[in-house]
Amino acid sequence: MMAVSIGERQAAAACLLIFSLFFHATYADIPAGAVGSTDAPHRRFEYKYSFKGPHLAQSDGTIPFWVHTGNAIPSSDQIRITTSLKSQRGSVWTKNKMNFANWEAEVTFRVSGRGRMGADGLAIWFTSGQGLEGPVYGAADSWNGVGIFFDSFDNDGKKNNPAIIVVGNNGKLIYDHQNDGSTQALATCLRDFRNKPYPIRAKVTYYKKSLTVMINNGFTPDRNDYELCAKIDNMVIPYEGYFGISAATGGVADDHDVLSFLLFSLTEPGQQPPPPEAEIPTEEKEKYRAEFENFQQELDKKKEAFQKEHPDVQGEPVEELYESVNDREIRQIFEGQSQIHLEIKQLHRQLAVILDEQRRYVTVVSDEIIKQGAQGQPGQVPGKDLDMIINTQQEVLRTLNELRNSFAESLRQVGSLQHQGNAAGTYETVQHINDIKEHLHIVKRNVEHLIQRNVNPSEKVKCPELPPMPSCLSTVHFVVFMVIQSILFIGYVIYRSQQEAAAKKFF
């Protein structure tokens with residue numbers, strides 16, 4: 001593909017980030033009253049207190065104007081506050097204090113998990129100090145400000161979760177975890193925000209000492225489809241403070257992903273908006289604009305050169321040339337299934353070879369018994385012992401057939417699993433893998449049963465002398481080989497499943 005130096009990529013990312021925020025601020029800096037309401041406040045986008053993708057995180061893993069702590073993992077398009085692992089805590093906070101009397105924050109996030117219940121939840125903060133770490137959804141307790149909690153776990157057992165809880169604090173209260181903050185809540189609404197088809201959107205507005213929380217339930221892609229969750233009048237919060245988002249997990253775990261945080265300052269109609277003290281100077285704007293245009297020209301030249309070198313990809317959308325997150329997950333799943341399929345096929349072939357050797361061995365013993373019976377040679381092994389030998393060999397043969405059938409069933413399940421495609425889903429994939437593990441456990445039990453039946457410590461029966469023939473695998477060696485192979489295979493399957501589960505958590 002096109003080779004672009006690291007310095008050019010970083011410059012391009014910085015230019016794109018600044019221009020996206022700049023144009024967002026240009027279009028957001030429009031009086032809302034112009035849309036039809038004369039009482040609506042004037043909204044202005046504040047880029048120093050916001051983040052969104054793409055290019056959310058820089059190459060060194062930091063977020064412009066924000067700081068992240070704990071288990072938070074920033075990426076190009078989102079911030080994973082916590083992964084779906086037990087006892088995780090993470091948070092992200094603004095570096096600078098905000099000093100707007102009225103403001104509005106729009107937060108887009110996802111809370112997803114495999115279980116029926118999740119834990120512990122996610123919180124949106126506005127406090128006088130940065131609560132980087134602590135026991136309240138990953139942030140500090142005894143905060144001075146307000147917290148909007150998206151509580152997933154039902155600690156009090158009243159079956160009133162998931163819920164959205166608004167709790168104010170003057171710096172002296174200790175959060176009531178046992179009652180899910182119900183004794184301290186200023187407002188509460190029941191909303192299920194887990195595992196929704198679209199991201200959840202929360203709009204928190206503080207205007208004229210009134211705090212309003214609006215929720216988009218995640219069932220529709222319409223960004224303006226909000227419904228009222230809570231409204232608190234005469235709400236007093238610090239004039240200056242930090243915005244933050246935190247999350248935590250407990251015995252049950254969810255992925256808590258924040259896609260964007262957009263802050264707008266609000267000005268009452270008829271009043272002059274505060275001057276944009278931190279606005280980018282005109283000289284710097286022109287400098288960034290020139291750098292962006294130069295980079296765009298170089299990028300166009302490299303695109304033309306690439307199209308000339310690769311005429312077979314002309315006309316194809318750029319998105320089709322890259323692998324999406326879902327495609328990567330599916331590819332990893334099918335690579336693991338293919339590896340398991342090959343391992344089982346190899347074991348099946350080895351078992352077929354051993355079975356053929358055992359059948360030949362039984363045939364030779366039977367022929368030798370018939371020959372000795374016809375000749376009546378003295379000094380040979382008694383007929384009772386020979387019957388015991390042949391019965392033991394037949395039992396081994398039956399057990400080997402059962403093992404072969406079990407491997408064939410495992411092979412069939414893996415093959416059907418690979419042909420199911422995307423429609424089966426992760427849950428059915430795990431179910432099939434568990435079925436394969438169960439079949440392998442049956443194989444192990446059959447081998448152990450075979451060892452117990454064949455080994456007799458009190459007496460040792462000698463096999464009759466056989467005519468010269470190629471050496472074959474003895475029963476004891478075969479049993480030891482099968483036990484070792486089964487243990488190694490089971491360990492490999494468990495290891496692969498853990499690796500795939502760990503890889504999926506970070507995509």
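Here are some worked exercises on a predicted model, to be followed with the structure open beside you.

**Exercise 1. Strand 17 and its partners**

Task: Work out how covered strand 17 (residues 255–267) is, and find which residues stand opposite Arg 44, Phe 51, Thr 82 and Glu 106 in this strand.

Solution:

Step 1. Start with burial. Of the 13 residues in strand 17, 12 are buried, so the strand is mostly covered.

Step 2. Now take strand 2 (residues 42–45). It runs antiparallel to strand 17, and four bridges join the two. Here Arg 44 faces Ser 265.

Step 3. Move on to strand 3 (residues 51–52), which is paired with strand 17 by two bridges, again in the antiparallel sense. The bridge partner of Phe 51 is Phe 261.

Step 4. Strand 6 (residues 79–82) has three bridges to strand 17, also antiparallel. Thr 82 is partnered there by His 256.

Step 5. Finish with strand 8 (residues 103–112), joined to strand 17 by 10 bridges in an antiparallel arrangement. Glu 106 has Leu 262 as its bridge partner in strand 17.

**Exercise 2. The open sheet**

Task: Which strands lie at the edges of the open sheet of seven strands, and which residue in strand 7 stands opposite His 68?

Solution:

Step 1. Write down the strand order, which is 4-7-16-9-10-11-12, with antiparallel pairing.

Step 2. Look at the two ends. Strand 4 (66–70) and strand 12 (185–190) each pair on one side only, and these are the edge strands.

Step 3. Check the turn between neighbours. On average, neighbouring strands of this sheet are turned by 15° against each other, with direction ignored.

Step 4. Zoom in on one edge. Strand 4 runs antiparallel to strand 7 (residues 89–94), and five bridges join them. Within this pair, Val 92 in strand 7 is the residue opposite His 68.

**Exercise 3. Aromatic rings**

Task: Classify the ring pair formed by Phe 126 and Phe 243, then place these residues in the sequence and in a cluster of rings.

Solution:

Step 1. Recall what is needed: a pair of aromatic rings is described by the distance of the centres and the angle of the planes.

Step 2. The model has 20 aromatic pairs. For Phe 126 and Phe 243, the centres are 4.9 Å apart and the planes make an angle of 45°, and the pair counts as tilted.

Step 3. Ask what this pair connects. Phe 126 belongs to strand 9 (residues 121–127) and Phe 243 to strand 16 (residues 242–248), so the pair ties together parts 117 residues apart in sequence.

Step 4. Add burial: both Phe 126 and Phe 243 are buried.

Step 5. Widen the view. Ring pairs link Phe 126 and Phe 243 into a cluster with Phe 51, Trp 66, Trp 103, Tyr 206 and Phe 261. Phe 51 and Phe 261 are already familiar as bridge partners.

**Exercise 4. Charged side chains**

Task: How many salt bridges does the structure hold, and which residues share a network with Arg 43?

Solution:

Step 1. The count is nine salt bridges. One of them joins the side chains of Glu 106 and Arg 43, at 3.2 Å from N to O. Because Glu 106 is in strand 8 and Arg 43 in strand 2, this pair ties together parts 63 residues apart in sequence.

Step 2. Glu 106 has a relative accessibility of 19%, so with the buried cut-off at under 20% it counts as buried.

Step 3. Arg 43 also lies over the face of Phe 264, at 3.9 Å from the ring centre.

Step 4. Compare another bridge: Glu 46 and Arg 44 meet at 3.1 Å, N to O, and both residues are buried.

Step 5. Then look at Lys 196 and Asp 192, whose side chains meet in a salt bridge of 3.6 Å, N to O. Lys 196 is buried at 15% relative accessible area, whereas Asp 192 is partly exposed at 42%. As for the network, salt bridges with shared partners join Arg 43, Glu 104 and Glu 106.

**Exercise 5. A glycine in a loop**

Task: Is Gly 250 buried or exposed, and which residues does it contact beyond its sequence neighbours?

Solution:

Step 1. Locate Gly 250 in the loop between strand 16 and strand 17.

Step 2. Its relative accessible area is 16%, so Gly 250 is buried.

Step 3. Leaving aside neighbours within four places in sequence, Gly 250 is in contact with Lys 86, Ser 87, Ala 119 and Asp 120.

Step 4. Take Lys 86 from that list: Gly 250 and Lys 86 are 164 residues apart in sequence, yet 5.3 Å apart in space, C-alpha to C-alpha.

Terms used:
Residues are numbered from 1 along each chain as its sequence is written. This is a predicted model: local features need pLDDT of at least 70, side-chain atom pairs count only at pLDDT 80 or more; totals for chains, interfaces and linings use all residues. Side-chain values use heavy atoms; hydrogens and water are left out. Rings of Phe, Tyr and Trp (its six-membered ring) pair if their centres lie within 6.5 Å; planes under 30 degrees apart count as stacked, over 60 as edge-to-face and the rest as tilted. Buried means under 20% relative accessible area, exposed over 50%, partly exposed in between (1.4 Å probe, protein chains only). A charge sits over a ring if NZ of Lys or CZ of Arg is within 6 Å of the ring centre and within 35 degrees of the ring normal. Two strands pair if DSSP finds at least two bridges between them. Contact means heavy atoms within 4.5 Å. A salt bridge is a side-chain nitrogen of Lys or Arg within 4 Å of a carboxyl oxygen of Asp or Glu. Axes are lines fitted to C-alpha atoms, for helices over the stretch in contact, and angles run from 0 to 180 degrees between N-to-C directions.
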